[in-house]
Amino acid sequence: MNKILDIQDVTVSFDGFKALNDLNFSMEPGELRVIIGPNGAGKTTFLDVITGKVQPTTGRALFKGRNLRNLPEHKISRLGVGRKFQTPRVYLNLTPRENLELSYNRHKNLFATLLGKPSKGDREEIAQLLAIIGLAAKANIPASVLSHGEKQWLEIGMLVAQSPDLLLVDEPVAGMTDEETERTGQLLISLAETHSIIVIEHDMEFVRQIARQVTVLHQGSVLCEGTMDEVQNDPRVIEVYLGEPQEEVTA
Amino acid sequence: MVGAIALVFLVIVPLILPVSRLQILGRFLSLAIVALGIDLVWGYTGLLSLGHGIFFALGGYALAMNLSLQLPEGQIPEFFSLYGVEKLPWFWAPFNSFPFTLLAIFVIPAAIAGLLGYVVFRNRIRGVYFSILTQAALVVFFNLFNGQQKLINGTNGLKTASAELFGGQVGSPDVQFKLYMLTIVLLVGAYVLCRWLTGGRFGRLLVAIRDDEPRVRFSGYDPTAFKVLVFAVSGAIAGIAGALYTVQSGIVSPQYMDIAFSIEMVIWVAVGGRATLVGAVLGALLVNWARVLLSERFPEVWLFFQGALFLIVVTVLPDGIIGWFRSGGVNQVRSLLGMAPPVSTFPAVDLNEEIQREREIVQQKDS
Amino acid sequence: MQGVFDVLFNGLSIGAVLLIAALGLAIVFGLMGVINLAHGELMMLGAYTTFIVQNAFKPLGDSPLFSAYIFVALIAAFFVAAGVGLFLERQVVRYLYGRPLETLLATWGVSLILRQFVRSVSWSIAIGLVLFSLLFWGGQWVLKRRLDWNQLKAKALTILLPLSSAIAIIGGVVLNANKALAKPWFSARNIDVTAPSWLRGGVNLGSFQFPVARLFIIGLTILCLLGTYWFLQKSAWGLRIRAVTQNREMSACLGIPTNTVDALTFALGSGLAGVAGCAVTLLGSVGPNLGANYIVDAFMVVVVGGVGKLIGSVVAAIAIGTVTYLLGSGYLPLWMTQLGLTETLQPLFDFFTFFSTTSMAKVMVFALIITFLQIKPAGLFPQKGRTVDA
């Protein structure tokens, strides 16, 4: 029972459409896993199930051995699951520092938030984090004026500030320049030393940079798993991505 | 700053205005207290309540019930005899106690707001659904009070002018003056409370809930608890305001739960500038002042004016007067009139758009 | 037994009124996500249109032709309300798409203006308004022909708006000196529409009498419902409306004029409000505050029914209507007495007696709605799928 994440036979259906179909997936602590798959393969729904936004129709999702069914999102988050969204979702009317403070807060119940103040140690850690994500100079201006790449970084920073055990990162480099992409990759690799991470990405260049283990999703189930080279040479993967005439018959 | 303004209202204004005018100003200041409550839920947390009249009226009724009970032992308020009621309804009994009444003025509205908030927010009913439900709740409470002649004197409401308070008749100039002073003290108190709530990490969380509630959940917070608390606090503030308003206007009636009145509260905040506490107070005073000016002379124009105000605030001035000032509204007027913006350093620096943008940002942070 | 029948008929009849009032709301809210608080005032305009049409038919006396005025009025009410709705959408609502709370406040402002408008409108105000429109929009039309319109726009508007309003107001005030022109058309008093003779009285069925006016409203509601359904599901524009609802960008790419679709949808919803307004004139006298009586109930229908499906509104309207009548009419305590349950269930009896007035029934219905929303927060027929609550 030392798997950090264990998804067992999970199916999610929306009005009969199966976004996830009998999915099985597991991950060891400390792993950096990349999930790829064509559009509509169920990648985002997969994250929705883990974070409690969507309840599995059948099957169960275990995090550190604990069943996540019926837990609301904020409880799952407090267990140690952090999520970064596809389009950056930071609080635009707050500054990067305030954004980080909210995520960093260790006591997230009502009265602790109302009455508590960040300690000196907390503020130092936040300052460090700001430096890591390269926003130290822009710490006190509203996040709405940050560039797209900076917002992506801020959201990754918020994720780290939460200090989760498992990071779920949905398309971290969408809309970034090559240089930013490269730096994001380095950041994720260094984070992987202390966290378990699942990255969903389309950018194959980037996947090659960071990936050790890759999982391919297709039509709501795992198509294959392996290293980047194995996956790329798998005939089924080629079929899914490039398409073959028979594909449509079987689908 | 706030202290200075409060001092002006406490010391200088009473010297200038006669008590009759002071009474009107006192009423407006009570309304400014509700505006603070509305700003807390709408401006900061994004919950547009169209039902604050409920809490306002509940506070007023609580105090008015206590004042109606200032009778010799064994008697019950006069209006009961009109409907053939001989025994005081059970829920009136606790209001014999003044300390209980003082608590009830804000605890009952807070409890009802908290309960209503809980059953709505728990199910993640948000945005316009919440607004509609608060409005429906308002209609329901209106019906409840309006229809119960035998319990609470229905449409006629409860009158307070002839009761005793602070060692005099409520309607007397002396007591009205004391109430005016009390209103200012409580307004400052409400301001300080809201300032404290919105200033720290809690306030930033409210803004976060307003801007992206689902994201707040994924950060590990439970927005329901925060929203319920803020809504309850706002209800309590409205209750206090309602009690003050009642004794300064001499009556509380179901008309306080009129649909239009509750929406009007929102426009006060919108005119002043949502998510700025000063704006809420300023807006409440300005709009009510305009109402007195207009409806004294042209009663017909007032509704047109108010309607236009809603349209203008939403389409042209979304951040209200305060927001307009902060975003350089004065310069806009100057440029429309064909004047150059005032120059404080080298023109080349001042006209550089990048620098201007950053300067604005810094100014926003400072204010 | 007759009681049950009475409850069912009256419930259906109240439900029909609620539904016809809520239908336009359901369309505008369900398809566009717009909360239109002026919906009740559009109903009121429909009612006043009916009044005007009726007066125009007055010279015909009691001939059968006069009785037909109601059909003319229905059509006129539809187009007047739709026209005002169209104007509202073009001038205000379209700038606020995606900001439902702001839309709510803006439409409330419009509803205040409309309410005061029918109270005060007189020839001098009408002429003043025409004058303003000519100057303001006419002026813009002339200026738009200049090439540098985009640079001029802000400046032109700041001059045109005060200038044309000043001229219009002065014109109106001058005309107001004339007694005949200053006299309000309707004033603040309620107006009475006399129902055509064939809509008065009732149809007897056994020991039971159905008021014809209520049957007419039920029929009209069914007709509107079917018409709306047909329009949305079968017509070309209905298809476009549904397409825009599902994916605005994609629809625009496919060449669907999304602006026209928005305007059309809003006009359709407003027109239905006009029809509803015409229908309620049959139930009693109407006044400038007519809208306020219906708007909250109509919104409850939409909330309980769930957004996006008309069938939800139908079920919700009938359910709310029946429950309201059942509680408000006092049948429950009556039946309990007849069944001899009064003594065994005294508290329940007292409870039902307490709520057996129309206004108290509303209190109870609201409590039931809130309870219902605890079980189904998104209403009876929620929209399902991946896109809900991003």
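Start by selecting B:Asp39: this side chain is buried but makes no salt bridge, and the nearest side chain of opposite charge, B:Arg274, sits 7.3 Å away. Keep in mind that what you have open is a predicted model.

Zoom out a little and you'll see that B:Asp39 belongs to helix α2 of chain B, residues 19-44. Now show what surrounds the residue. Ignoring neighbours within four places in sequence, the contacts of B:Asp39 are B:Tyr44, B:Val269, B:Gly273, B:Arg274, B:Ala275, B:Thr276, B:Leu277 and B:Ala280. B:Arg274 turns up in that contact list, even though no salt bridge is made by B:Asp39.

**Next stop: charges that do pair**

Side chains of opposite charge can pair when their charged atoms come close. Over all chains, the structure holds 25 salt bridges. Let's visit a few.

Select B:Arg124 and A:Glu73. Their closest N and O atoms are 2.8 Å apart, making a salt bridge. This one crosses between chains: B:Arg124 is in the loop between α5 (98-121) and α6 (127-147) of chain B, while A:Glu73 is in helix α2 (residues 73-79) of chain A. Which end is buried, and which is partly exposed? A:Glu73 is the buried one, at a relative accessible area of 6%, and B:Arg124 is partly exposed at 34%.

Stay with chain B and pick B:Glu213 together with B:Lys227. Here too there is a salt bridge, with 2.8 Å between the closest N and O atoms. B:Glu213 is in helix α10 (residues 213-218) and B:Lys227 in helix α11 (residues 223-249) of chain B, so the bridge ties together parts 14 residues apart in sequence. Colour by accessibility and look at both ends: B:Glu213 counts as buried at 7% relative accessibility, and B:Lys227 counts as buried at 1%. Before moving on, add B:Arg126 and B:Arg217 to the selection, since these two are linked with B:Glu213 and B:Lys227 in a network of salt bridges.

**Over to chain C**

Go to C:Arg248 and C:Asp262. This salt bridge has its closest N and O atoms 3.0 Å apart. The pair links distant parts of the chain, 14 residues apart: C:Arg248 in helix α11 (residues 248-253) and C:Asp262 in helix α12 (residues 258-280) of chain C. C:Asp262 counts as buried at 4% relative accessibility, whereas C:Arg248 counts as partly exposed at 34%.

Now select the whole of chain C and switch to cartoon. How many helices and strands does the chain have? You should find 17 helices and two strands. Turn the chain around: along its principal axes, the C-alpha trace spans about 85 × 60 × 40 Å. Of the 390 residues in chain C, 50% are buried. If you draw the contacts between residues at least 6 apart in sequence, 74% of them join residues at least 24 apart.

Put a surface on chain C next. The accessible area is about 18,600 Å², and carbon and sulfur atoms account for 69% of that. Then colour by charge: chain C carries 25 positive and 13 negative side chains, and the centres of those two sets are 12 Å apart.

**Last stop: the sheet in chain A**

Hide the other chains and find the open sheet in chain A, where four strands line up antiparallel in the order β2-β1-β4-β5. At the edges you have β2 (17-27) and β5 (66-67), each pairing on one side only. Strands of a sheet pair through backbone hydrogen bonds, either parallel or antiparallel.

Look inside the sheet at β1 (residues 5-14) of chain A, which runs antiparallel to β4(A) and is joined to that strand by five bridges. To see one of the partnerships, select A:Ile7, whose bridge partner in β4(A) is A:Ala61.

From there, move along to the pairing of β4 (residues 58-63) with β5(A), which is antiparallel and has two bridges. A:Leu62 stands opposite A:Asn67 of β5(A). What connects β4(A) and β5(A)? The two strands form a hairpin with two residues between them. End the tour at A:Lys64 in that turn, where phi is positive, at about 50°.

Note on methods
Residues are numbered from 1 along each chain as its sequence is written. Chains are lettered from A and ligands numbered from 1 in the order in which they are written. This is a predicted model: local features need pLDDT of at least 70, side-chain atom pairs count only at pLDDT 80 or more; totals for chains, interfaces and linings use all residues. Side-chain values use heavy atoms; hydrogens and water are left out. Buried means under 20% relative accessible area, exposed over 50%, partly exposed in between (1.4 Å probe, protein chains only). Lys and Arg count as positive and Asp and Glu as negative; His and the chain ends are not counted. A salt bridge is a side-chain nitrogen of Lys or Arg within 4 Å of a carboxyl oxygen of Asp or Glu. Contact means heavy atoms within 4.5 Å. Accessible areas come from the Shrake-Rupley method with a 1.4 Å probe; for residues, only the protein chains shown count as cover. The place of a charge is taken as NZ of Lys, CZ of Arg, CG of Asp or CD of Glu. Two strands pair if DSSP finds at least two bridges between them.
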